[in-house]
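Here is my note on the model, in numbered points. Please read it with the structure open.

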Amino acid sequence: MQKEDIEKVLYSEFEKFKKETLEKLNITKEYKIGDKVNFKGLEWFVTKLRKYKKTNYVELMLADKLSQDILERVFDNSDMRNDGRIKFDNESYDWKKSYIRTQLNNKFLDVLNIDKKDLLLMTTNYVENEYTKDFVRIPSFNDCETLPREVIKRDYWYFLINRGVYRRDCDTIPYYEPSAAGVFAFVGTHGHARTTVSFRVVLPVITVKLDALK
């Protein structure tokens, strides 16, 4: 066997070994912001990559609104639903006390069979100097400021966590305006924050172990 042939065989064996080793380490795929992944039968956008206590995590935001079947099982109070959309809450503008937060951090995980052991408990700064600990949250104002347009662009209204301002369509120059209401609209052309009687689409955000995405 010629030297060149030996080198080809050795190289081939090395590449095979490397591929198998990387698969065992579960680092065969390098994600980047804006990638789409499938998790628990749903499609998600990758919105952040992070490491916590030597464990790799991927932050995901749902790529589309929930199917009616899942939505009805998660938000089981029919008075809070309207045509695939949900009320923020009936009594409060506060994310900490909201119906959306309660259902996402409990029923949503149960319905999708997501193990909390696979999730990172996120610290949610939902308004200035106010924080919650969440396994599931909804997009923040900062998300909409920093994520690529193709990730946050929607043809429908959806809830944001933060209170007191709103943003126009992301195709235009960002525009902000104070508002007394406590939840957000993010819409195609304009978007005043509404009262609790309004209905919006919910886009869950989770931070999941890289291993769990395999």
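1. Confidence first. This is a predicted model. Mean pLDDT for the chain is 76, and 70% of the residues reach 70 or more.

2. Two stretches need separate mention. Over residues 22–28, pLDDT stays under 50, and the model has 8 contacts beyond four places in sequence for them. Over residues 163–195, pLDDT again stays under 50. For that second stretch the model has 85 contacts beyond four places in sequence. Those contacts should be read together with the pLDDT of the stretch, under 50.

3. Architecture. The chain has 5 helices and 9 strands. From the N terminus on, the order is α-β-β-β-α-β-β-α-β-β-α-α-β-β. Of the contacts with a separation of 6 or more, 55% are between residues 24 or more positions apart.

4. Burial and surface. The chain has 214 residues, and 45% of them count as buried. About 12200 Å² is exposed. Carbon and sulfur atoms supply 48% of that area.

5. The main core. Which residues touch the most other members of the largest nonpolar core? They are W44, L60, F75, I100, L104 and F108, out of 39 residues in the core. The elements giving two or more residues are strand 1 (36–39), strand 2 (42–52), strand 3 (55–62), helix 2 (68–74), helix 3 (99–111), strand 6 (122–127) and strand 9 (205–209). Helix 3 gives the largest share, 6 residues.

6. I100 deserves a look. Leaving out residues up to four places away in sequence, I100 touches F75, I86, K87, F88, W95, I138, F159 and V202. F75 is, like I100, among the core residues that touch the most other members.

7. A second core. Apart from the largest core lies another, of 13 residues. Its members include C144, V151, V201 and V205.

8. Salt bridges, overall. A search of the whole structure finds 7. Side chains of opposite charge can pair when their charged atoms come close. Three of the pairs are taken up below, with their surroundings.

9. D134 and R101. Their closest N and O atoms are 2.5 Å apart, and the two form a salt bridge. D134 lies in strand 7 (residues 130–134) and R101 in helix 3, so the pair ties together parts that are 33 residues apart in sequence. Both D134 and R101 are buried. Helix 3 thus appears twice in this note: it carries R101, and it gives 6 residues to the largest core.

10. D143 and R137. This salt bridge has its closest N and O atoms 2.8 Å apart. Are the partners buried or exposed? D143 is buried, because its relative accessible area is 8%, under the 20% cut-off. R137 also counts as buried, at 8% relative accessibility. The pair does not stand alone: salt bridges that share partners join E59, R137 and D143 into one network.

11. E43 and K36. Here the closest N and O atoms of the salt bridge are 3.5 Å apart. E43 is partly exposed, with a relative accessible area of 44%. K36 is partly exposed too, at 46%. Both values fall between the 20% and 50% cut-offs, so neither residue counts as buried or as exposed.

12. Points to check on screen. Start with I100 and the residues it touches, F88 and W95 among them. Then follow the network of E59, R137 and D143. Finish with residues 163–195, where pLDDT stays under 50.

Technical notes. Residues are numbered from 1 along each chain as its sequence is written. This is a predicted model: local features need pLDDT of at least 70, side-chain atom pairs count only at pLDDT 80 or more; totals for chains, interfaces and linings use all residues. Side-chain values use heavy atoms; hydrogens and water are left out. A nonpolar core is a set of buried Ala, Val, Leu, Ile, Met, Phe, Trp, Tyr and Cys residues joined through side-chain atoms within 4.5 Å. Buried means under 20% relative accessible area, exposed over 50%, partly exposed in between (1.4 Å probe, protein chains only). Helices (H or I, at least four residues) and strands (E, at least two) are DSSP runs, numbered from the N terminus. Contact means heavy atoms within 4.5 Å. Accessible areas come from the Shrake-Rupley method with a 1.4 Å probe; for residues, only the protein chains shown count as cover. pLDDT is the predictor's confidence in each residue, from 0 to 100. A salt bridge is a side-chain nitrogen of Lys or Arg within 4 Å of a carboxyl oxygen of Asp or Glu.
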